[in-house]
Amino acid sequence: MTLRSLLLLPLVSIVMATASESAQAGDRLLDDFSRDDGRSTLGPAWSGFTDRVMGGRSGLQAGHVETEEGPALRMRGTVRLDNNGGFVQVRLPLVVDGEPLDASGAAGFIVEARGAPGPYYLHLRTPDSRRPWAYFRAPLPVTDQWQRIDVALTDFEPVSTRARLDASRLISIGLVAYGEEFEADLEVRRLALKGAADSADNDTAGDR
């Protein structure tokens, strides 16, 4: 279902910098949530779902909102572990004109976000993610203040698959609240591919 319909429902080596930093020339914007037709900057529309597709009981509200810093995507939900559940998610297809997104020349993703405390992740899927529970994930640490979060492609680990992440064939990216019972509340105002040219500027893995 699309985010427009979801509004009707009831209720690593990661580097942080100020969200006001300007985009690097090599970055590729995926969405800044400024379109008024519900679609992403990339073209496809976001959709959302919960563990209810597999018998869980988590609830989700999601959609575009206007913040003091401009438009954003907000994902709210109650994550419950009943019936082997435990997640809520919004997902953006990355296939445009029948072709998966080629991110092989990128260093990773830039996410400008804020949110309530809780375990959040980025999920990537490729054609190798044949089963619904097979994907690649990286943690997405947020605070209650807007932050730029840089997530390297090397931070993604495989889940329920032996395949390696093929960044040249990305078919979707998801923002996911997962793994424990909590009240999820995540806002994202920008999602972009991070150009490889500026990866060295933010390489502080040794500082973790």
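In the predicted model, 49% of the 208 residues of the chain count as buried. The accessible surface of the chain amounts to about 10,200 Å², and carbon and sulfur atoms account for 47% of that area. The secondary structure consists of one helix and 13 strands. Read from the N terminus, the order of elements is α-β-β-β-β-β-β-β-β-β-β-β-β-β, with the helix ahead of the strands.

Six of the strands make up an open sheet with antiparallel pairing. Across this sheet the strands are arranged as β3-β6-β12-β8-β9-β11. Its edges are formed by β3 (47-50) and β11 (157-159), each of which pairs on one side only. From one strand to the next, the twist averages 30°. Within the sheet, β8 (residues 120-125) and β12 (residues 172-178) are joined in the antiparallel sense over six bridges. In this pairing, His 123 lies opposite Gly 174 of β12.

The largest nonpolar core contains 41 residues. The members that touch the most others are Phe 109, Leu 122, Leu 140, Leu 175 and Leu 186. Strand β13 (residues 182-195) contributes the most to this core, with six residues.

The surroundings of one of these residues, Leu 175, can be described further. When residues up to four places away in sequence are not counted, Leu 175 touches Leu 122, Leu 140 and Leu 186, which are also among the core members named above. Its other contacts are Trp 46, Leu 73, Met 75, Val 88, Gln 89, Val 90, Tyr 121 and Val 188.

Methods
Residues numbered from 1 in each chain as written. Predicted model: local features only at pLDDT ≥ 70, side-chain atom pairs only at ≥ 80, totals over all residues. Heavy atoms only, no water. Pairing = 2+ DSSP bridges. Helix = DSSP H or I, 4+ residues; strand = E, 2+ residues; numbered from the N terminus. Axes fitted to C-alpha atoms, helices over the stretch in contact; angles between N-to-C directions. Buried < 20%, exposed > 50% of the residue type's maximum accessible area, 1.4 Å probe, protein only. Areas by Shrake-Rupley, 256 points an atom, 1.4 Å probe, with all protein chains shown as cover. Core = buried A, V, L, I, M, F, W, Y, C linked by side-chain atoms within 4.5 Å. Contact = heavy atoms within 4.5 Å.
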